[in-house]
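Work through the exercises below with the sequence and the 3D view at hand. Try each task before you read its solution.

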Amino acid sequence: MKIIACGSVPTIIAPDKYFTGRVLQTPIIETEAPARLRATLVSFEPGARTHWHTHPLGQTLYVTAGAGLAQTWDGPIQEIRAGDVISFAPGEKHWHGAAPKSAMTHIAMQEALDGIHADWLEAVTPTQYGG
């Protein structure tokens with residue numbers, strides 16, 4: 001058994017090269033091989049969002065608070081809310097973040113393939129975010 005004490009893992013401000021707006025990330029767990037799970041609590045201020053990205057083995061989000069938006073490359077923008085579970089297929093290009101006037105927090109869970117959890121792409125433009 002391993003217990004990670006509350007407050008022992010620092011929250012960071014997410015880097016601008018992957019996110020637009022203010023986003024905080026608090027790691028929950030990153031397992032050691034042969035396991036490959038990474039889970040992170042991610043808090044988006046209103047209007048903040050990820051850049052377009054994919055995950056080699058897919059991603060699951062569990063929205064814990066607030067309201068947000070998510071979109072796949074070929075799909076419409078979808079509203080997401082606390083209690084929703086969102087799954088993206090392996091390699092599916094997508095973004096997710098807060099709604100324009102509401103903060104949103106989710107737990108992001110994904111596995112690594114050959115040590116890679118995500119492939120980051122271009123920023124979501126204001127036009128794309130606005131629908």
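The exercises go from the whole chain to single residues, and the model they treat is a predicted one.

**Exercise 1. The outline**

Task: State how many helices and strands the chain has, and in what order they run.

Solution:
- Count the elements. The chain has one helix and twelve strands.
- Now read from the N terminus. The order is β-β-β-β-β-β-β-β-β-β-β-β-α.

**Exercise 2. Overall size**

Task: Find out whether the radius of gyration of the chain agrees or disagrees with that of a compact globule.

Solution:
- Start with the length. For 131 residues, a compact globule would have a radius of gyration near 14 Å.
- Compare. The chain has 14 Å, which agrees.
- Add the box. Along the principal axes, the C-alpha atoms fill roughly 45 × 30 × 25 Å.
- Add the surface. The accessible area of the chain is about 7,400 Å², and 57% of it belongs to carbon and sulfur atoms.
- Add burial. Of the 131 residues, 34% count as buried.

**Exercise 3. The partners of β7**

Task: List strands that pair with β7 (residues 59-72), and give a residue pair for each.

Solution:
- Take β8 (residues 78-81). Four bridges join β7 to β8, and the two run antiparallel. Ala-67 has Arg-81 as its bridge partner in β8. The two strands form a hairpin, with five residues between them.
- Take β9 (residues 85-88). Its pairing with β7 is antiparallel, over four bridges. Here Gln-59 stands opposite Phe-88.
- Take β10. Five bridges join β7 to this strand, again antiparallel. Thr-72 is paired with His-94, and Leu-69 stands opposite Gly-97.
- Take β11. Seven bridges link it to β7 in the antiparallel sense. Ala-65 stands opposite Thr-105.

**Exercise 4. Strand β10**

Task: Explain why strand β10 (residues 94-98) is described as largely enclosed.

Solution:
- Check each residue for burial. A residue counts as buried under 20% relative accessible area.
- Five of the five residues of β10 are buried, so the strand is largely enclosed by the rest of the structure.

**Exercise 5. Thr-105 and Ala-118**

Task: Decide whether Thr-105 and Ala-118 are buried or partly exposed, and name residues in contact with each.

Solution:
- Place Thr-105. It is in strand β11.
- Read its accessibility. At 15%, Thr-105 counts as buried.
- Look around it, beyond four places in sequence. The contacts of Thr-105 include Leu-41, Val-42, Ser-43, Tyr-62 and Ala-65.
- Place Ala-118. It lies in the loop between β11 (104-111) and β12 (119-120).
- Read its accessibility. At 22%, Ala-118 counts as partly exposed.
- Look around it in the same way. Ala-118 is in contact with Thr-54, His-55 and Pro-56.
- Measure one C-alpha distance. Ala-118 and Gly-91 are 9.2 Å apart in space and 27 residues apart in sequence.

**Exercise 6. Backbone exceptions**

Task: Say what marks the bond between Ala-33 and Pro-34, and what marks the phi of Asp-114.

Solution:
- Recall the rule. Most residues other than glycine have a negative phi, and most peptide bonds are trans.
- Look at the bond. Ala-33 and Pro-34 are joined by a cis peptide bond, with omega about 15°. Pro-34 lies in the loop between β3 (23-30) and β4 (37-44).
- Look at phi. Asp-114 is not a glycine, yet its phi is positive, about 55°.
- Place Asp-114. It is in the loop between β11 and β12. At 76% relative accessibility, Asp-114 counts as exposed.

Conventions: Residues are numbered from 1 along each chain as its sequence is written. This is a predicted model: local features need pLDDT of at least 70, side-chain atom pairs count only at pLDDT 80 or more; totals for chains, interfaces and linings use all residues. Side-chain values use heavy atoms; hydrogens and water are left out. The radius of gyration is taken over C-alpha atoms; the globule rule is 2.2 Å times the number of residues to the power 0.38. Buried means under 20% relative accessible area, exposed over 50%, partly exposed in between (1.4 Å probe, protein chains only). Accessible areas come from the Shrake-Rupley method with a 1.4 Å probe; for residues, only the protein chains shown count as cover. Two strands pair if DSSP finds at least two bridges between them. Contact means heavy atoms within 4.5 Å.
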